[in-house]
Amino acid sequence: MTPDPRLAEEQVHLDAVYARLDRMRATADRRLSETLLESAGTPQALSERESYERHYTQMLTRIDAAEHNLYFGRLDMSEPDAAGNDIARIGRMGILDDDQVTTLLLDWRAPLSRPFYLATPASPEGVRRRRHLRTRTRAVRSVSDEYLLSGEVDAGDGHDASVVNETALVAALNAARTGEMTDIVETIQREQDEIIRNAHRGVMVVQGGPGTGKTAVALHRAAYLLYTHRDVLSRSGVLIIGPNDTFLDYIAQVLPSLGETGVLLSTVGNLFPGIRAAGVDSRRAAELKGDADRILPVLRAAVRARQSLPPAGLYVNFDGYRVPVDSAVIKAARAAARSTRRPHNLAQRAFLRTAFDELAAVHARKLGASTLDGSQLLTAADLDDIRVELSTDDDVVRTVLQFWPTLHPQDLLRDLYADSRFRRGATRGWSDEDRAELQRDAAPLPEAADMSPADVPLLDELAELIGYRTDEALREQKAQWRRRIAEAQDALDILTGSAPQDIEDDMDPELLMAYDLIDAEQLAERQEVTEYRTTAERAYDDRSWTFGHVIVDEAQELSTMAWRMIMRRIPNRWMTIIGDTAQTGDSAGTTSWERIFTPYVANRWRLRELTVNYRTPSEITRYANRLLALIDPSQTPPESLRSNGIEPYRVEAPAGEALATALTVAEEADWPGLTAVLVADTAAAAAATADRPDGIRVLPLHDAKGLEFDNVIVVEPHALATTSPRGLSDLYVALTRATQRLVVVHHDPLPEALADLPQKQSDPR
Ligand SMILES: Nc1ncnc2c1ncn2[C@@H]1O[C@H](COP(=O)(O)OP(=O)(O)OP(=O)(O)O)[C@@H](O)[C@H]1O
């Protein structure tokens, strides 16, 4: 067979592009080394060095990310442009030649690349021919062409369009899964492209069934927005929220593979600085904590309960007198603080000011009253003096502050859970059962370990009510640090000034601490350097950070309290929301987008839908769609793009042995690719996970959300469908995780949607 001349032609261009990429890499490498060698004496020089260093490092990251499949598409236009060009080559990054004028490669996100994704024979967008290239290790392996103008057939150059038997899309969909999501830049489809590049600057909800590419679209939209609005977004950052850490690990490589690293990926549970929520709630507790109508009044009441009144007969000793601190004084101070309408901690100053005014007045009345007629003998200046003295008397300040103490969100939430009287007062109108759901022992756990994901939005809400800012807390920590350094310096001066020569042999442990702190000084200097942290890192540490764009994936799982927390991070409301209400498993989650967004943006949110299922072959989708009809008959089931001829089947297991049987099926079958065994019970999944051969994973359903595998075994669907109130949705999620093969292993009777699955005794390949 004669070699295809198109391969040679494209190889010439590919070589030129890689050669240029290598030169760009060498230049960036050299500049980075030079930058690192420069000394940075002044803070300004240090700052400049840091910013160059970041620039070259990012450039190298982009270059490295683009290495694989750098050049993948070409458009031949029907008319040349003004400069006489009628060919556009499209790749993972834009590349200009050494002259900085000639375009060797267009970035896939550039406007000129768009027809590559949009053109169809019905609407060719000026494109005559679209070419897909498959390359590996810098060599062109295959080329396939599509002719978009009528009359031009796929044969003009003597070669059939299907040099590759499958189109790039089908090849991508059939590829074995690696356990990590990959990018789809080469095969983005029209309805997906319209969402990725959508110019709407408000809330856009992307609804679509399982496997329609919602997550893929969200990630490519992030990459597109960073490219198109780099100035704004590199300063304010992009936040992507996912349902759990397993999911975030699964998608973590997609943006770096597109050369974008400045995005913060987080779960709701990790969104409060300093907290990694590891606690677990009962379903009812999570539901109560997630429901703003139920829990917000409780949090408000908890803060107000800390604004208390003194017991009768309380006084402070001041200047040899007993000054009463009675309800009237504290009530006046409390009213003054509340009238500021500021959060609790920030209103404390007003509280104290009024309290000292009142106490000074009480004291002055006693001290300065004329014995003749009771008239006030003290002047206004005397009263001022008393006020100042009261406000600098530790005992007085401590006594008064009990009634408007400085609050900390975590301490307050722990008290609410652990102190039954406090909880009872804050949860008026709740049933005893619901109240008991909040109860938790006051175990002296290490910081943050006891908080659950549902607690995190409550901490955030309390931080708002209290006026607690983590960046202020960090600043305070830093200030403390500097004070300690200064003290250490004093100690060191004394130590070295008066030290005997043999101090090294005879060191007092107390004095050693001074040396330790001097070491710490260098650390403190490094802290200064952390001012140049990346946007994502700074945003992570700062609760009050507001992002330029926020993407929420699996958004149907979020509670109303979680939404309040997220909305605080994005006051401009430029958001992309990805989800499928039919997959809602969390009982605090949503079944209606309208209910979620109307309070924030009224009716100014847009809905976009994805309709094609790229993941699941039609053999599997048939069963999943029956469930969808039960969950929400109004939803149109997504269409499967392909069929693979592998029929799902069931295997019956002895009582109590469904999981063991499923594992045997998985191991004996030895199917190609990754296999997931999905169960309802988290503990059973954890116990069965150890010692599995590579390629077989046992997962509780919650951790499989958003993921996909070549082969999926669903264990005991009846249990999945009945364990939670949203059980049918859970089963729907389970059935739609497979890209190739679905097997159901059960002992209990099957839900009706699966009742006609053919049975197999043992699994044939
Ligand atoms: N245009 C495309 N080209 C190639 N692969 C695609 C395309 N669109 C989607 N896919 C693939 O289809 C699979 C499903 O995509 P994705 O996980 O984004 O779907 P989803 O809608 O988020 O699904 P779910 O709701 O079930 O989590 C992924 O493997 C993804 O890479």
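Trainee: Which residues of strand E8 (residues 238-241) point one way, and which point the other way?

Mentor: The model is predicted, so local features need pLDDT of at least 70 and side-chain atom pairs count only at pLDDT 80 or more, while totals for chains, interfaces and linings use all residues. Residues are numbered from 1 along each chain as its sequence is written. In a regular strand the side chains alternate between the two faces of the sheet. In E8, where strands are DSSP runs of E with at least two residues, numbered from the N terminus, one way is taken by Val238 and Ile240, and the other by Leu239 and Ile241.

Trainee: Are these four residues of E8 buried or exposed?

Mentor: A residue is buried if 20 or more other C-beta atoms, placed from the backbone, lie within 10 Å of its own, exposed if 12 or fewer do, and partly exposed in between. By that count, Val238, Leu239, Ile240 and Ile241 are all buried.

Trainee: In which sense does E8 pair with strand E9 (residues 263-266) and with strand E12 (residues 549-552)?

Mentor: Two strands pair if DSSP finds at least two bridges between them. E8 has 4 bridges with E9, where Leu239 is partnered by Leu264. With E12 there are also 4 bridges, and Ile240 stands opposite Ile551. For E9 the sense is parallel, and for E12 it is parallel.

Trainee: What is Ala222 in contact with, leaving aside its neighbours within four places in sequence?

Mentor: Contact means that the C-beta atoms of two residues, placed from the backbone, lie within 7 Å. Two residues of E8 are on the list for Ala222, along with Ile551 of E12. In full, the contacts are Val238, Ile240, Leu255, Glu260, Val263 and Ile551.

Trainee: Which residues touch the most other members of the largest nonpolar core?

Mentor: A nonpolar core is a set of buried Ala, Val, Leu, Ile, Met, Phe, Trp, Tyr and Cys residues joined through C-beta atoms within 7 Å. The largest one has 154 residues. Its largest share, 9 residues, comes from helix H6 (residues 214-228), helices being DSSP runs of H or I with at least four residues. The residues with the most such contacts are Ala222, Val677 and Leu678.

Trainee: Which residues come nearest to the ligand?

Mentor: A residue is near the ligand if its C-beta atom, placed from the backbone, lies within 6 Å of it. The shell has 22 residues, and the elements that give two or more of them are helix H4 (168-174) and H6. Nearest are Pro210, Gly213, Lys214, Thr215 and Tyr614.

Trainee: How many residues of helix H19 (residues 455-466) are buried?

Mentor: H19 is mostly covered. What covers its buried residues includes helix H10 (283-290), helix H11 (292-305), helix H16 (409-418) and helix H23 (560-568). Among the buried residues are Asp455, Leu458 and Ile466. The count is 10 of 12.

Trainee: How far apart are the end C-alpha atoms of H19?

Mentor: The expected span of a helix is 1.5 Å times one less than its number of residues. For the 12 residues of H19 that comes to 16 Å. The model agrees, with the end C-alpha atoms apart by 16 Å.

Trainee: Which strands stand at the edges of the open sheet of 6 strands?

Mentor: The order in this sheet is E3-E4-E2-E1-E5-E6, with mixed pairing. Each edge strand has a single partner strand, so one side of each is left without a neighbour in the sheet. The edge strands are E3 (95-96) and E6 (139-147).
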